[in-house]
Amino acid sequence: MQEEIQEYAKRLKLSWVREHFQEIEASSQEEYLYKLLAREIEQREARKINLLLKAATLPKEPNKTFDWKNIKLGQGLTPEGVLHGAFLKHQENMIFYGGVGAGKTFLATRIGLHAIYQYGKKVKFYTVATLANELLDANEKGTLTKLFKKIEKLDLLILDELGYIPLHKQGAELLFQVISLCYEKRSIIITTNLQFGEWNHVFGDPVLTEAVVDRLIHHSHLVLFGGDSNRMKESFLMNQIEE
């Protein structure tokens, strides 16, 4: 009988049931069935979350609470709404602007984690330079359509560090295609240390830059990150401790 149960569970793709059905203790058949199915669902949800986290390639998150003290939110935004991804419901974008080390990547990562754990959303994190290089490589190998299809399946695309490295002309054009692909269909978070008027330094073409900005700001919220660099402050504190 045990072998038959395992075989049926395998055919039904009940992996937890197949391995652990004998471990369930219950006072009735109904309770047994309830516990059995509940554990199977828990196992599937945990597996789904792990797969989403692996695919997201989010950076390692600092083990601390995010400090909102020097953050200026746009009209209608609240810290809780931003953190829990309220903008995802309407495929809106977030532009995080501020200096190096102000917490932009930290907050973007925290939002990505919430989107995965709370809503099971598909998230992908790239630095702008990394995505541009991946697009160029895919274009050269003839796999660009495949990469675009992966992006089309996302709920949230995080593009980090826009402004740190000027893009190759073709890389900038391909990145524009990605932004157009996401327009009004999926959300983007962009972290940048440049004002919109300076984005031409990245894209290298005023017309292309205007088109990128136009698509991003149409359905977007701006979050300003002020204050000193968190990394510089932490380094200063460490030096004081060592002294």
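Start by selecting helix α10, residues 206-218, in this predicted model: its 13 residues reach 18 Å from the first C-alpha to the last, close to the 18 Å expected at 1.5 Å a residue. Within α10, colour Leu 208, Thr 209, Ala 211, Val 212, Val 213 and Leu 216, which are its buried residues. If you then display what surrounds them, you will find that these buried residues pack against two helices, α8 and α9 (200-203), and against the strands β2, β5 (187-192) and β6 (220-225).

From α10, widen the selection to residues 90-224, the span that UniProt lists in an unreviewed entry as "domain: AAA+ ATPase". The C-alpha atoms at the two ends of residues 90-224 lie 21 Å apart, and the span is 52% helix and 21% strand.

Next, keep α8 (residues 169-182) in view and add α7 (residues 144-152), whose axis comes within 10 Å of the axis of α8 and crosses that axis at roughly 35 degrees. The crossing of this pair, α7 and α8, is right-handed. To see the contact itself, show the side chains of Leu 144, Phe 148, Ile 151 and Glu 152 on α7, together with Leu 174, Gln 177, Val 178, Leu 181 and Cys 182 on α8. Sorted by class, the residues in this contact between α7 and α8 are seven nonpolar, one polar and one charged.

Two of the residues just shown lead on to Asn 139, which is in helix α6 (residues 128-141): apart from its neighbours within four places in sequence, Asn 139 is in contact with Leu 144 and Leu 174, and also with Gln 170. A distance drawn between the C-alpha atoms of Asn 139 and Gln 170 should read 9.8 Å, although 31 residues separate the two in sequence. Is Asn 139 buried or partly exposed? Its relative accessibility is 32%, so Asn 139 counts as partly exposed.

Now move to helix α5, residues 104-119, where the end C-alpha atoms are 22 Å apart; this agrees with the expected span, because 16 residues at 1.5 Å a residue should cover 22 Å. Helix α5 is mostly covered, with 12 of its 16 residues buried. Colouring the buried positions marks Lys 104, followed by the run of Phe 106, Leu 107, Ala 108, Thr 109, Arg 110, Ile 111, Gly 112, Leu 113, His 114, Ala 115 and Ile 116.

Among these, Arg 110 of α5 deserves a selection of its own. Why does this arginine count as buried? Arg 110 has a relative accessibility of 17%, and buried means under 20%. Setting aside residues up to four places away in sequence, Arg 110 touches Glu 61, Pro 62, Lys 64, Phe 66 and Leu 83.

Follow α5 past its end to Gly 120, where phi is positive, near 65 degrees. With Gly 120 still selected, add Glu 45, a residue of helix α3: the C-alpha atoms of Glu 45 and Gly 120 are 8.9 Å apart, while the two residues are 75 apart in sequence. Glu 45 counts as partly exposed, its relative accessibility being 44%.

Further along helix α3 is Leu 52, which, neighbours within four places in sequence aside, is in contact with Ile 116, Gly 120, Lys 121 and Lys 122. At 12% relative accessibility, Leu 52 counts as buried. For another view of the surroundings of α3, draw the C-alpha distance from Leu 52 to Glu 23: the two are 29 residues apart in sequence and 29 Å apart in space.

The last stops concern backbone angles. Most residues other than glycine have a negative phi. Select Thr 57, in the loop between α3 (29-56) and β1 (71-73), where phi is positive, near 50 degrees, in a residue other than glycine. This threonine, Thr 57, is partly exposed, with a relative accessible area of 39%.

Then select Gln 91, which is placed in the loop between α4 (79-83) and β2 (93-98); its phi is also positive, at about 55 degrees, although Gln 91 is not a glycine. The relative accessible area of Gln 91 is 30%, so this residue too is partly exposed.

How values were computed
Residues are numbered from 1 along each chain as its sequence is written. This is a predicted model: local features need pLDDT of at least 70, side-chain atom pairs count only at pLDDT 80 or more; totals for chains, interfaces and linings use all residues. Side-chain values use heavy atoms; hydrogens and water are left out. Helices (H or I, at least four residues) and strands (E, at least two) are DSSP runs, numbered from the N terminus. Buried means under 20% relative accessible area, exposed over 50%, partly exposed in between (1.4 Å probe, protein chains only). UniProt positions are given in the numbering used here, feature names are shortened, and annotations may be inferred rather than shown by experiment. Axes are lines fitted to C-alpha atoms, for helices over the stretch in contact, and angles run from 0 to 180 degrees between N-to-C directions. A crossing is left-handed if the near helix is turned anticlockwise from the far one by less than a right angle, and right-handed if clockwise. Contact means heavy atoms within 4.5 Å. Ala, Val, Leu, Ile, Met, Phe, Trp, Tyr, Cys and Pro count as nonpolar, Asp, Glu, Lys and Arg as charged, and the others, Gly among them, as polar. The expected span of a helix is 1.5 Å times one less than its number of residues.
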